[in-house]
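Please open the structure in your viewer and keep the selection panel at hand. The tour goes from one selection to the next.

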Amino acid sequence: MDTKHLGINSKLIHAGYKPDATGSVSVPIYQTSTFAFKNAAHGAALFAGEEDGYIYTRIGNPTIKALEENVASLENGCGGIATSSGMSAVCTVYLAFLESGAHVVSTASVYGPTRGLMEKEFARFGVQSTYVDTSDAENVRHAMKPNTRLVYIESPANPSMQVSDIAAIATIAHAQGALVVVDNTFASPYLQRPLDLGADVVLHSVTKFINGHADVVGGILVAKDPALYKRLRSVMISSGCNMDPHQAFLVVRGLKTLGIRVERAQQNAMEIARWLEEQPEVAMVRYIGLESHPQHELAKRQMNGYGSMISFELKGGFEAGRTLMDNVRVATLAVSLGGVETLIEHPASMTHASMSPEARRAAGFTDGLVRYAVGIEDVEDLIADLRQALDFVSAKSNKPKHEPVGTL
Ligand SMILES: *Cc1c(COP(=O)(O)O)cnc(C)c1O
């Protein structure tokens, strides 16, 4: 069935797979490393690329293909490349498009290990990188060099929640012959489609919204055109960072409900963000859906919704953040996001601990920032949970600085 004309919820269910010869309605798990050839001529034709078919699972596998075709259709791209993790998708992009002497412009608050991989590993091979606040496209223009091959943006970014103007940045990058890669993990293809806005490659940690059930680590790349697709696929195959068929089966299963999960989670998030703004312990709330968010209007234009990631700053700073995290009961203290369960974490001591305090400030967040990834629980329970945990925060801050010495 051609799914091009279908809406996104129909694509989520139908794109990339139709019942196979057995009639199996759900995608079968082809748990095999290798595929038998009909005869020597068939094997030769597959290797020569003269015939479509499967050779070996690192190169391609029908279960993995179902996922790749589904996400490629959601992103309006020409092909998907599933990878073992989000980070292996990042590594594949770097390997595919960079060489010694090349330069990258990237979002300053990009995912910690994405920056680490570039600054610690690719730098050893002579790749240069510049990190700027890409929420102002002019910063990208100023950072471009004659050897800039890649503009790598994350929007919305983590945990600053800054939104970058993908179309404006693509215009700037393309004028200088650089490719634009967008890490679309935080938005998911349900809320944002960077290829439609001018990006060349989209990247996801499928660990987050795409799988959505906190039981798989994986990644995927979607390319705008066949040449980029071929290049990325070739690097994935030779570096061996392919996804596994069982992993792909779980992701396909989780992906089907992306639309209803995202809708419910963002409805919860909007209510929680507005409520948080009114709590006396809270100094600042960053949620893209709030009018107070600096790029709210851009997000409205560029995305189909505001998602379910909230960052907020407690008046009591670092210590208050820790108290809050130690006292939530419905939300779970854990890194990651995009699952059905609500997670809370402290970027400065956890996900972004490898950045210096100065780099954290430059990336637009403070040491007292709390990241709250809203799930699909009942919103009343999440709010009551936050309120009782905030009571511990205010009880602590009202305590006298020095304990009474006591009576004799
Ligand atoms: C989690 C994450 C990654 C890395 O993905 P893994 O699946 O953990 O390897 C990359 N980018 C963003 C924005 C992420 O949240």
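What follows is a walk through a predicted model, stop by stop.

**The sheet**

Begin by selecting the strands β1 to β7. They make up an open sheet of seven strands, in the order β1-β7-β6-β5-β4-β2-β3, and the pairing is mixed. Which strands stand at the edges? They are β1 and β3; each has a single partner strand, so one side of each is left without a neighbour in the sheet. From one strand to the next, the twist averages 20°. As a general point, strands of a sheet pair through backbone hydrogen bonds, in either a parallel or an antiparallel way.

**Strand β2 and its two partners**

Now select residues 103–107, which form β2. Five of its five residues are buried, so the strand is mostly covered. On one side β2 pairs with β3 (residues 128–132) in the parallel sense, over five bridges. Ser 106 is a useful residue to click on: its bridge partner in β3 is Tyr 131. To follow the chain from β2 to β3, add residues 112–121, helix α5; the chain passes through this helix, and the β-α-β crossover is right-handed.

Then select residues 148–154 for β4, which also pairs with β2 in the parallel sense, here over four bridges. Which residue of β4 is the bridge partner of Ser 106? It is Tyr 152.

**From β4 to β5**

Keep β4 and add β5 (179–183). These two strands pair in the parallel sense over five bridges, and Ile 153 has Val 182 in β5 as its bridge partner. Across both strands lies helix α7, residues 166–175, which runs at about 150° to β5.

The loop between β4 and α7 merits a closer look at its prolines. Select Ser 155 and Pro 156: a cis peptide bond joins them, with omega at about -5°. Pro 156 lies in this loop, and so does Pro 159. The peptide bond from Asn 158 to Pro 159 is cis as well, with omega near -5°.

**Strand β6**

Next select β6 (201–205). The strand is mostly covered, with five of its five residues buried. Turn on the side chains to see which way they point: Val 201, Leu 203 and Ser 205 go one way, while Val 202 and His 204 go the other, and all are buried.

On the β5 side, the pairing is parallel over three bridges, and the bridge partner of Asp 183 in β6 is Leu 203. With β7, β6 pairs in the antiparallel sense over five bridges. There, His 204 stands opposite Ile 220.

**Helix α9**

Select residues 226–239 to show α9. Why does the distance between its ends agree with its length in residues? At 1.5 Å a residue, these 14 residues should span 20 Å, and the end C-alpha atoms are indeed 20 Å apart.

Just before the helix, Asp 225 caps the N-terminal end: one of its side-chain oxygens lies 3.1 Å from the backbone nitrogen of Ala 227. After the helix comes Gly 240, which has a positive phi near 75°.

Within α9, the buried residues include Leu 228, Leu 232, Arg 233, Val 235, Met 236 and Ile 237. To see what covers the buried residues, show α3, β1, α4, β5, β6 and β7, which are among the elements that do so.

**Two serines with positive phi**

Select Ser 188, in helix α8 (residues 188–191). Its phi is positive, about 70°, although the residue is not a glycine. Buried or exposed? With 0% relative accessibility, Ser 188 counts as buried.

Move to Ser 336, in the loop between β10 (332–333) and β11 (343–345). Its phi is positive too, near 90°. Ser 336 counts as partly exposed, because its relative accessibility is 25%.

**Helix α15**

For the last stop, select residues 379–398. This is α15, a helix of 20 residues that reaches 28 Å from its first C-alpha to its last, close to the 28 Å expected at 1.5 Å a residue.

Its buried residues include Val 379, Leu 382, Ile 383, Asp 385 and Leu 386. Further along, Gln 388, Ala 389, Leu 390, Val 393 and Ser 394 are also buried. Add α11 (258–277), β9 (309–314), α13 (317–327) and β12 (369–373) to the selection to show what the buried residues of α15 pack against.

Terms used. Residues are numbered from 1 along each chain as its sequence is written. This is a predicted model: local features need pLDDT of at least 70, side-chain atom pairs count only at pLDDT 80 or more; totals for chains, interfaces and linings use all residues. Side-chain values use heavy atoms; hydrogens and water are left out. The expected span of a helix is 1.5 Å times one less than its number of residues. Buried means under 20% relative accessible area, exposed over 50%, partly exposed in between (1.4 Å probe, protein chains only). Contact means heavy atoms within 4.5 Å. A polar contact is a pair of N or O atoms within 3.5 Å; within protein, one must be able to donate a hydrogen and the other to accept it, and residues adjacent in sequence count only if both atoms are side-chain atoms. Two strands pair if DSSP finds at least two bridges between them. A crossover is right-handed if, with the strands pointing away from the viewer, the path from the first strand over the helix to the second runs clockwise. Axes are lines fitted to C-alpha atoms, for helices over the stretch in contact, and angles run from 0 to 180 degrees between N-to-C directions.
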